Amino acid sequence: MVNSNIQRRYDLDWLRVLAILAIFVFHCTRPFDMDDWNIKNLAVYPAIDVWKEFAMTWGMPLILLISGASVYFALPKASAGKYLKGICARLLLPLLVGMFTHLALQVYLENLDKGAFSGSFFAFYPHYYDGMYGFGGNFAWMGLHLWYLEILFILSVLFLPLFLWLKKTRSGQWVLNALGNFLALPGAVFTLALPAFVLLRTLDEETWGTQVLGGWSVLIYPLFFIAGFLIISNERLQARIRQMRWLSLGFGIIMTPAYLFLEFQTQYPAFHPLGGALKDLLNCLVCWSWLLVVIGFGMQHLNFNKPFLKYANEAVLPFYILHQTVIVTLGYFIVRWPIPDWLKFFMILLSTFGVVMVLYEYLVRRFNLLRFLFGMKPLRKAPIERPQLEALHP
């Protein structure tokens, strides 16, 4: 059954807030993993790479799934033109502002950390436009961590005609209902993993199949975006996901160690011909197991409102925009301190959270110009109370 009752889903708001906090914690661990990043601690730890691989398996897919579900509720409220204007203000503008302002600070500190530049930020800024980041240059054309805003903007524009057809036409609603009812059959929801598996096996890892952006190819991310729209449209499918949340958790717990073993093992080269396909299949199944766990438990336990939720949901986007710049800025100094590495991590975590919340609360949130630049709606002016005539002329 297609969900025709348009109402605010508080579980999506809670999941959005919790997912952004999880990404924040994830980025706080990046100075300590073994891969390249903006800044690096002197000592790095293989165990953090295991955590990173697990988190990347389902982290960004969850964000895109929530985003697709949010589109389902946003479409009836606005015309296509107003919807496009809204995503330009909420996604494209903060991305462009970031590219020409605070993202340059991340690139500057990365160049300092790697010994590629010495001097002040203002001396570096003209060099920020020397070439494209990721191709030997500096300009953050993909927005560094703001690449998510870029991808989401492209997907929102690209799939708008499809979503309008699915939502507002009789034939589209029939297709949406049929797909949702099929996926609501016992176990059928796991077939959502198959398209991603096919693409993983098909795409060239050196080009369109590269997984440098959040652990998945940019051609696979649309699958999660569309799946969010599909899932939230069908009440029967949502009931099935809630019903099987414990089963999904069991699958996730069982399959995750097997996937991580195949991802990190180097002792069995003869295992690779079959192991590559098996690893990719487990990757997709692990991803969807944890997605179903999170949204299943979220639908069951988080569909309630609290005064804090409105504040947190409004703060999510500015927090996401600012957090990595602050992590890199504070972390550049903290990783050089002669203290235990676990203490460095917690200092980066706590100090970054505090600084970002101060910037949000006392700057971004309170001034309409900054709210506009960070993709937020303007503050409403309080109505002026006029005295009644009786009070003036008793």
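This passage describes selected helices, buried residues and core contacts in a predicted model.

Helix H14 covers residues 307–334. A straight helix of 28 residues would span 40 Å at 1.5 Å a residue, whereas the end C-alpha atoms of H14 are only 35 Å apart. The helix is not straight along its length: a bend of about 40° is found at Val316. A proline, Pro318, follows the bend site within four residues. Most of H14 is covered, with 20 of its 28 residues buried.

Helix H1, residues 10–29, gives a span close to expectation. Its 20 residues reach 29 Å from the first C-alpha to the last, against the 28 Å expected at 1.5 Å a residue. H1 is also mostly covered, and 15 of its 20 residues are buried. Asp11 belongs to this helix. With a relative accessible area of 1%, Asp11 falls under the 20% cut-off and is therefore classed as buried. When residues within four places in sequence are set aside, the contacts of Asp11 are Gly298, Met299, Leu302 and Asn303.

A polar contact links helix H14 to His102. The residue His102 is located in helix H4, which comprises residues 102–113. Its relative accessibility is 15%; because buried means under 20%, His102 counts as buried. The side chain of His102 forms a polar contact with the side chain of Thr325 at 2.8 Å, and Thr325 lies within the residue range of H14. Beyond neighbours within four places in sequence, His102 is in contact with Leu146 and Ile321 as well as Thr325.

Leu144 is placed in the loop between helix H5 (121–124) and helix H6 (147–158). The phi angle of Leu144 is near 50°, a positive value in a residue other than glycine. Leu144 has a relative accessible area of 14%, which is under 20%, so this loop residue is buried.

The largest nonpolar core contains 118 residues. Within this core, the residues that touch the most other members are Leu149, Trp216, Phe224 and Trp288. Two of these, Trp216 and Trp288, are also among the residues touched by Phe224. Not counting residues up to four places away in sequence, the remaining residues touched by Phe224 are Pro61, Leu64, Leu65, Cys287 and Leu291.

Note on methods. Residues are numbered from 1 along each chain as its sequence is written. This is a predicted model: local features need pLDDT of at least 70, side-chain atom pairs count only at pLDDT 80 or more; totals for chains, interfaces and linings use all residues. Side-chain values use heavy atoms; hydrogens and water are left out. Helices (H or I, at least four residues) and strands (E, at least two) are DSSP runs, numbered from the N terminus. The expected span of a helix is 1.5 Å times one less than its number of residues. The bend at a residue is the angle between axes fitted to the seven residues ending there and the seven starting there. Buried means under 20% relative accessible area, exposed over 50%, partly exposed in between (1.4 Å probe, protein chains only). A polar contact is a pair of N or O atoms within 3.5 Å; within protein, one must be able to donate a hydrogen and the other to accept it, and residues adjacent in sequence count only if both atoms are side-chain atoms. Contact means heavy atoms within 4.5 Å. A nonpolar core is a set of buried Ala, Val, Leu, Ile, Met, Phe, Trp, Tyr and Cys residues joined through side-chain atoms within 4.5 Å.
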